[in-house]
Amino acid sequence: MSEQSQPTPEEINAKFTPRIFSGIQPSGNLTLGNYLGALKRFAEKQNEGIETIYCLVDLHAITVWQDPEALKKQTREAAAAFIASGIDPERSVLFNQSQVSGHAELGWLLNCVARMGWMNRMTQWKDKAGKNAEKQSLGLFAYPSLMAADILLYHATMVPVGEDQKQHVELCRDIAAKFNHDYGVDFFPAPLPLIEGVATRVMSLRDGSKKMSKSDPSDASRINLTDDADTIAKKFRKAVTDPEPLPDSLEGLEGRAEARNLVNIYAALADKTPAEVIAEYAGQGFGTFKPALADLAVSKLEPISTEMSRLMNDPAEIDRILGKGADKADAIAQPILQKTLEIMGMIRSR
């Protein structure tokens, strides 16, 4: 078959129910970057008439050692962040990955389809392993295959991700295509990455060239979703900027990483375009813009931190929500897993 006649991902996915899957590692201290790049978008997707499945990927978290009690707390905190950000457990499926055994089972099956060379080329493996690759866990090396299993277990057709995760979705498509080819089926879809919004990559408040990260040694570099109003305002007012006023066009932000980052954050929080923000604040200095951004951020984020705190005071209720979500997820996953096993030649007597 010529390359021109190969079906596109959109053509492949037309045979499947539109379904969104995405997940976040429960590694603690979710930030403004997680909210704007993921949680806010996850909540918005509930309004588009597409089935949405959201997962706290605790099996991914243990690719590096985790304190068991800390992992439980972080998983509940992440669940609280999802709910406080607008993800409704009655409208979306929300659960933690380890409660649905199909993730690990399909992960193994896809390990036998994926190729070592594909894993070696993954940018995040190179970045995380560095010169100590021999000392890293097998799980860290193979987790892109588990990520593919997370997506394909639900026949998801769309995956909201940041730009830095696009490669993993492309690998998922490669694994799905190889499975379909090897077994002569068109069983798995070709998931597409959804990279949307003006702040899909939120940068550090101390260095606009670096992504906002919960692992940054400086707490001032990020807005944590658990920060109170005073802390949020203080961090924005002290954010690193340059001495120039805001320009009158987006082109004027070229080479001004910190200024561009703050404009993008304002735009995302206000549901505006960066161009609209520039038009509103053109010619004004950061002495005006940063307090306005701080006030906007507090108005949007303080209700989230307050609701997270309320939810975290009732861990049993969070566990109940996650358990109910796991039951819903398993009901979708099991038929797909069983059919996968059947396709691969495993005897299914029950």
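Start with helix α5 (residues 102-111) and helix α8, displayed together in this predicted model. The two pack at an angle of about 120°, and their axes are 8 Å apart. An angle of about 120° falls outside the ranges for parallel, antiparallel and perpendicular, so α5 and α8 are oblique to each other. Their crossing is right-handed. To see the contact, select H103, A104, L106, G107, L110 and N111 on α5, then A142, S145, L146, A148, A149, D150 and L152 on α8. By class, the residues of this contact are eight nonpolar, four polar and one charged.

Next, follow the chain out of α8 into the loop between α8 and β4 and select H155. Its phi is near 50°, a positive value in a residue other than glycine. Most residues other than glycine have a negative phi. Is H155 buried or exposed? H155 has 12% relative accessibility and therefore counts as buried.

In the loop between α8 (138-152) and β4 (158-160), add Y154, and with it F21 in strand β1 (residues 19-24). The structure holds 12 aromatic pairs, and F21 with Y154 is a stacked one, with 5.6 Å from centre to centre and 10° between the planes. The two residues are 133 apart in the sequence, and the pair links distant parts of the chain. F21 and Y154 are both buried.

For another group of rings, select F179, Y183, F187 and F188. Ring pairs link these four residues into a cluster.

Now go to helix α4 and select E77. Is this residue buried or exposed? E77 counts as buried because its relative accessibility is 12%, under the 20% cut-off. Leaving out residues up to four places away in sequence, E77 touches G28, N29, T226, M308 and M312.

Continue to S85, in the loop between α4 (68-84) and β3 (93-96). S85 also counts as buried, because its relative accessibility is 10%. With residues up to four places away in sequence set aside, S85 touches Y35, L39, A43 and I304.

I304 is the link to the next stop, as a contact of S85 whose number falls within helix α13 (residues 286-312). Show α13 with helix α10 (residues 229-237). These helices pack at an angle of about 150°, with 9 Å between their axes. The cut-off for roughly antiparallel is over 145 degrees, so α10 and α13 are roughly antiparallel to each other. The crossing is right-handed. On the α10 side, select A229, I232, A233, F236 and R237; on the α13 side, select K290, P291, L293, A294, D295, A297, V298, L301 and E302. The residues of this contact comprise 10 nonpolar, no polar and four charged.

Within that contact, centre the view on A294 of helix α13. Which residues does A294 touch beyond its neighbours within four places in sequence? They are A233, F236 and R237. The C-alpha atoms of A294 and F236 are 5.5 Å apart, although the two residues are separated by 58 in sequence. A294 counts as buried because its relative accessibility is 0%.

Keep α13 on screen and bring in helix α11 (residues 257-270). The angle between α11 and α13 is about 35°, and their axes are 10 Å apart. This crossing is left-handed. On α11, select A259, L262, V263, I265, Y266, L269 and A270; they meet F286, F289, K290, A292, L293, L296, A297 and K300 on α13. The contact of α11 with α13 has 13 nonpolar residues, no polar ones and two charged ones. K290, L293 and A297 are among the α13 residues that meet α11, and they are also among those in contact with α10.

Finish at D271, in the loop between α11 and α12 (274-281). D271 is not a glycine, but its phi is positive, at about 55°. Is D271 buried or exposed? D271 has 55% relative accessibility and so counts as exposed.

Note on methods. Residues numbered from 1 in each chain as written. Predicted model: local features only at pLDDT ≥ 70, side-chain atom pairs only at ≥ 80, totals over all residues. Heavy atoms only, no water. Axes fitted to C-alpha atoms, helices over the stretch in contact; angles between N-to-C directions. Helix = DSSP H or I, 4+ residues; strand = E, 2+ residues; numbered from the N terminus. Parallel < 35°, antiparallel > 145°, perpendicular 65-115°, else oblique. Left-handed = near helix turned anticlockwise from the far one by under 90°. Contact = heavy atoms within 4.5 Å. Nonpolar A, V, L, I, M, F, W, Y, C, P; charged D, E, K, R; others polar. Phe/Tyr/Trp six-rings, centres within 6.5 Å; stacked < 30°, edge-to-face > 60°. Buried < 20%, exposed > 50% of the residue type's maximum accessible area, 1.4 Å probe, protein only.
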